[in-house]
Amino acid sequence: MAATRREGQRELTGPGSKALTALVLMAIPGAAALGALLDGTPSWIVAFGAASIASMVALASIARWGTPLHAGHAGGAEEADAAAASVRSSASEEVLRRATEVRCAERTAILENLSDAVVLVDAHGETRFANLAARRMLGEQAGVAGTRAAIDALPPQVLRAVQGVAAAAAGERRRIECELRDANATPVVIGVTGVREGTEGLATIVVRDVRTEREADRIKSDFVAKASHELRTPLSSLRAYAEMLADGEAKDEAERQHFAGVILAETARLGALVDRMLDISRIESGMARANYERVDLCTLAEECVASQQADALRRGIALSLDRQSAGATALVDRNLMKQVILNLLSNALKYTPEKGTVSVEVDIDNLARSVVVSVRDSGLGIPDHAIPRLFGKFYRVENHEKVAKGTGLGLNLCRNIVESMHGGQIGVESREGAGSRFWFAIPLEQAGRKAA
Ligand code: ADP
């Protein structure tokens, strides 16, 4: 044991051993340094990345970036001979050396496959190593060791950060949020961390493309802005009518009743809006629960048509169930399916003028193995430009706002129920001024598999 340790110690004074010394010394501060590079980077990537960068630094000292990555080949001929002799003399050293090489190769492979760009530079900004993502993001030249191609492709504040961290103690770090000077002005978060190789200060630069995060943030703020706007409208109306009632502004009992009626209607609208927002968010976050059962969609459509007859009559619209195919049975959540049909029906009634027609059809598409439910109306129809946005959140066709009140969330909820919860499809065919056909299809087999 003692002899082995002595030999091991002797090996650590040879040129190849520099790598091991560096590897051992660098692995710890390297991991700590990378650990805080970018908030949100998975810790295993950080740890592995740190160890890999430590390995890269170690390998840099062995191979001097140009000679093959072989511990015994660095330095002068005498030293190399001595190191080679030393390696040959000890089987355990050979095993250790090979293990080190294998680990370095493995970690380099992992580093190469990281989606974040990783560059190791010296204090002048000259590249020591750039992984595949870095070469893709900053150009192939960025990977050429000894050049400044990588640092030149980055905003100038990165070089200043590199100089700062390379001069400071190892582990010093800076975080920069900026846009790359590429055609897309890609938004990135850059972490620069100091690494020390002996007396030399180096820096790792990790660049993460944050386009997806920014887009998600934009969609979220957009949603919040639209939701607040939609909530504010009924709230303002509620407040105004409540104030008129409180101030005794109603001339007589009939007007008081009218004010109270408006308050009730706006409260219901507010409640429906909040319920829809919650339903959509539950489905989108995967929290919604469904109770799949075998349901005859013809019977369900019949129930829905019956429940809307009074409204149709009041509006002077002929509502009918026109076609019912036998065997239109699917495994669905009855309440959710009912919600979809009722929403399509109530839209058809809302956007169809008096004396118009609304009809429901239930078909079986044998080719696609699905049940197709259609709601046709002879109403206002939808302009072509509006169709792609119709199933989005809070979208309402411009002129329709004057025709009927709505939330702009109904069709989005329908799409979520049909597509996300039943593996189906939803769509519309429409001609402005001539009416629309909204349809959805529930695949028979898919529904069967879900319940199995
Ligand atoms: P809303 O509560 O506003 O009806 P929806 O999401 O259900 O919300 O519908 C979005 C928009 O699609 C409606 O505001 C309306 O402009 C249009 N729309 C929906 N159904 C019809 C239809 N049958 N005919 C014409 N336009 C429709």
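**View 1. Surroundings of the ligand in the predicted model.** In this predicted model, the ligand is surrounded by 21 residues, of which Asn347, Arg396, Val397, Gly406 and Gly410 are the closest. Two helices, α12 and α14, are the elements that contribute two or more residues to this shell. Sorted by class, the shell around the ligand comprises nine nonpolar, 10 polar and two charged residues.

**View 2. The five-stranded sheet.** The strands form an open sheet whose order is β7-β9-β10-β12-β11, and the pairing within this sheet is mixed. Because β7 (318–324) and β11 (425–431) stand at the edges and each has a single partner strand, one side of each is left without a neighbour in the sheet. On average, and with direction ignored, neighbouring strands of this sheet are turned by 15° against each other.

**View 3. Pairing of β10 with β12.** Strand β10, which spans residues 370–377, runs antiparallel to strand β12, which spans residues 435–443, and eight bridges join the two. One of the residues to inspect here is Arg376, whose bridge partner in β12 is Arg437. In general, the strands of a sheet pair through backbone hydrogen bonds, in either a parallel or an antiparallel manner.

**View 4. Helices lying across the sheet strands.** Helix α12, made up of residues 334–350, lies across β9 (357–365), β10 and β12, and runs at about 20° to β10. Helix α14, made up of residues 410–422, lies across β11 and β12, and its direction is at about 145° to β11. Strand β12 is thus crossed by α12 and also by α14, the two helices that each give two or more residues to the shell around the ligand.

How values were computed
Residues numbered from 1 in each chain as written. Predicted model: local features only at pLDDT ≥ 70, side-chain atom pairs only at ≥ 80, totals over all residues. Pairing = 2+ DSSP bridges. Helix = DSSP H or I, 4+ residues; strand = E, 2+ residues; numbered from the N terminus. Axes fitted to C-alpha atoms, helices over the stretch in contact; angles between N-to-C directions. Contact = placed C-beta atoms within 7 Å. Near = placed C-beta within 6 Å. Nonpolar A, V, L, I, M, F, W, Y, C, P; charged D, E, K, R; others polar.
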